[in-house]
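Open the structure in your viewer and keep the selection tool ready. This tour goes stop by stop, saying what to select and what is there.

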Amino acid sequence: MKKIVWLSLVLMVLLVLSACGGGESASAPKESDGSGSVDSANNETFTYASTSDVAGMSPILTNDSVSANITEHVYEKLFERNIDTMEFEPQLAESYEIKDENTWVIKLKKGVKFHDGTPFNAEAVKYTFDKLRDPATAAPRASLLEPVDTITVIDENTVEIKTKYPYGAFLASLSHSNAAIVSPTADQAQDLMKDPVGTGPFKFVSWTSGDQVVLEANEEYWDGAPDLKKVVLKVVPEISTAISMLQAGEIQFIDNLPTEQIKRLEAMENINIEKKEGTPVYYLTFNHSREMNQDPEFREAVAAAIDRDAFVTKLNGLGIRSDSVVGPQVFGYDASADEAGTAYDVEAAKALVEKNGYGDKPIKLLTANRDNFILMAEIVQAQLTEAGFKVEIESMEWATFLDTARGGEYDITFLSWSNVTGDGSELLYPNFHSDNVGSSNRAQYSNPEFDELVVQSRTTIDQEEREAILDKANKVMIEDNAVVVMYHGIVTAAMDKAYSGLELDPNGKWTLKNVTGE
């Protein structure tokens, strides 16, 4: 009997200790009360949900926004754009001097190291830029450094760059995520697409393809270690699922908020939503290498059949209507281009389709399996069908879509450009200049008049002159119906309100460097 009483007492003590010990599991998932109010502040793990996986993690070999969300936290550039002033400021650079219109001398920050311990210096800058512009690399954004003639290491912390001609957008190019500096040691020892090494605030830990990418704080970061100890990019293919996870506190952040879910998000009490008029442009483009698409009347018929005003109303305030390829937040924009395109006229489209027999052959409409792309594809398919076209949609996951579009395996498709630098020449040159057919010019567009104007916009440092030239180039594309602009984006993000410090750029990129839950 005494043994039974003693065992009962021991059991009671263990139960009490177990209950008291529950307070130690600070990283345990928090539960929602159903109202959307979740106390989830925890700097140990911060999770971002993406509907698409990264294509890779080398800034030299990638050129997509999903991958850049990782590379922007692992790597750094010589310069960055201030999201408030829109001016370019040194990042890994310390200062710069323009010795003459073709010569730039850049002083670098001292004492900075890559995550593998390799010193950041002028040799690393030269190595990165030489590889980026080497044709053998086949870098998708080699065009960023196309104007560069020579790169010379002056000393450990000084590099001199000579351009072939005066290059008005050079600081913009050097601030681009694809001009980030890589560790030469790591690049020669491993595949940076799978195992990245930079100087940024976060270090790479692991990538499970189709599932997640894990980063950890760089405790030796030159600008002070971030508060977040671990950052996870979690692949959640269904955005509605990601939003439910955000409400439940299972994830802390999503971006590119879908228009059809915005009201649901705005009703959630545990998140803050940020919206900002942005630089991204979304457009339908033709595969200009195909004979059918080289017919001006075919392009006119497609443009006239698309009711973009009706489409933009479905965006619930998250899109700006304009015919202009160069958007309102981009250098080189002129309001006169807003209504310069082919007006919606379904009867005129029908007449052209009937006259030329455009409805006799099916058109392959390629799209990425992302919500806004699918929405565009379904609406445009219906509108083109009404005009007499036969349109078949082919949907692909993001990385496969990018490769397929680059290879020109489509008739028409939807593309987007976040315009990281905010400069019109860095929109028009990589995407539409004939130099870049087969790489970043997925439209396969080639127009000598347009090419010449774009070159002129890049080869002067007179900014007023550049603006005027970019406006002309923009209008050549519009008059040519080279693309059909669907909308210009409002960049958005939703974050658990227990956190603060998110920096959202008008180009849609964001940084978690200063985010904290304390």
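In which sense do strand S13 (residues 319-320) and S17 pair, and over how many bridges? They pair in the antiparallel sense, over 2 bridges. One thing to know before going further: this is a predicted model.

**Stop 1: strand S17**

Keep S17 selected, residues 483-496. Look at how covered this strand is: 14 of its 14 residues are buried. Now bring up its partners one by one. In S13, pick Ile320, which stands opposite His488 in S17. Next select strand S12, residues 271-286. S12 and S17 run antiparallel and are joined by 12 bridges. Click Lys275 to see one of these positions; its bridge partner in S17 is Thr492. Then select strand S11, residues 253-255. S11 is also antiparallel to S17, with 3 bridges between them. Here Ile254 has Ala494 of S17 as its bridge partner.

**Stop 2: an aromatic pair on S17**

Stay on S17 and show the side chain of Tyr487. Add Phe311. The two rings form a tilted aromatic pair, with 5.7 Å from centre to centre and 45° between the planes. Phe311 belongs to helix H9 (residues 308-313) and Tyr487 to S17, so the pair ties together parts that are 176 residues apart in sequence. Are these two residues buried or exposed? Phe311 has a relative accessible area of 1%, so it is buried. Tyr487 is buried too, with a relative accessible area of 5%.

**Stop 3: more aromatic rings**

Across the whole structure, a search finds 25 aromatic pairs. Select Phe298 and Phe389 for one of them. This pair is edge-to-face, with centres 5.8 Å apart and planes at 90°. Phe298 is in helix H8 (residues 296-305). Phe389 is in the loop between helix H11 (371-386) and strand S15 (391-396). The two residues are 91 apart, so follow the chain from one to the other. Phe298 and Phe389 are both buried.

Two rings have a charged partner. Select Trp398 and Arg370: the arginine lies over the face of Trp398, 4.1 Å from the ring centre. Then go to Tyr429. Over its ring sits the charged end of Arg458, at 3.7 Å from the centre.

**Stop 4: a four-stranded sheet**

Select S4, S5, S7 and S6. They make an open sheet of 4 strands in that order, with antiparallel pairing. Strand S4 (93-100) and strand S6 (148-155) are at the edges with a single partner strand each, so one side of each has no neighbour in the sheet. From one strand to the next, the twist averages 20°. Zoom in on strand S5 (residues 103-108) and strand S7 (residues 158-163), which are antiparallel and joined by 5 bridges. Trp104 is a good landmark here, standing opposite Ile161 in S7. Trp104 also belongs to an aromatic cluster with Phe79, Tyr96, Tyr165, Tyr167 and Phe170. Now add helix H3, residues 122-133. This helix lies across S5, S6 and S7, and runs at about 165° to S6.

**Stop 5: strands S1 and S10**

Select strand S1, residues 46-50. Of its 5 residues, 5 are buried. Show the side chains. Phe46, Tyr48 and Ser50 point one way, while Thr47 and Ala49 point the other way. Now add strand S10, residues 230-235. S1 and S10 run parallel, joined by 5 bridges. Phe46 has Val231 as its bridge partner in S10.

Move along S10 to Val235. Its relative accessibility is 12%, so Val235 counts as buried. What does Val235 touch, leaving out residues up to four places away in sequence? It touches Ser50, Thr51, Ser52, Asp53, Gly210, Asp211 and Gln212. The C-alpha atoms of Val235 and Tyr48 are 8.6 Å apart, although 187 residues separate them along the chain.

**Last stop: confidence**

Colour the model by pLDDT. The protein averages 91, and 92% of the residues score at least 70. Then select residues 1-40, where the pLDDT is below 50. This stretch has 25 contacts in the model beyond near neighbours in sequence. Where pLDDT is low, the predicted coordinates should not be read in detail.

Definitions and conventions: Residues are numbered from 1 along each chain as its sequence is written. This is a predicted model: local features need pLDDT of at least 70, side-chain atom pairs count only at pLDDT 80 or more; totals for chains, interfaces and linings use all residues. Side-chain values use heavy atoms; hydrogens and water are left out. Rings of Phe, Tyr and Trp (its six-membered ring) pair if their centres lie within 6.5 Å; planes under 30 degrees apart count as stacked, over 60 as edge-to-face and the rest as tilted. Buried means under 20% relative accessible area, exposed over 50%, partly exposed in between (1.4 Å probe, protein chains only). A charge sits over a ring if NZ of Lys or CZ of Arg is within 6 Å of the ring centre and within 35 degrees of the ring normal. pLDDT is the predictor's confidence in each residue, from 0 to 100. Contact means heavy atoms within 4.5 Å. Two strands pair if DSSP finds at least two bridges between them. Axes are lines fitted to C-alpha atoms, for helices over the stretch in contact, and angles run from 0 to 180 degrees between N-to-C directions.
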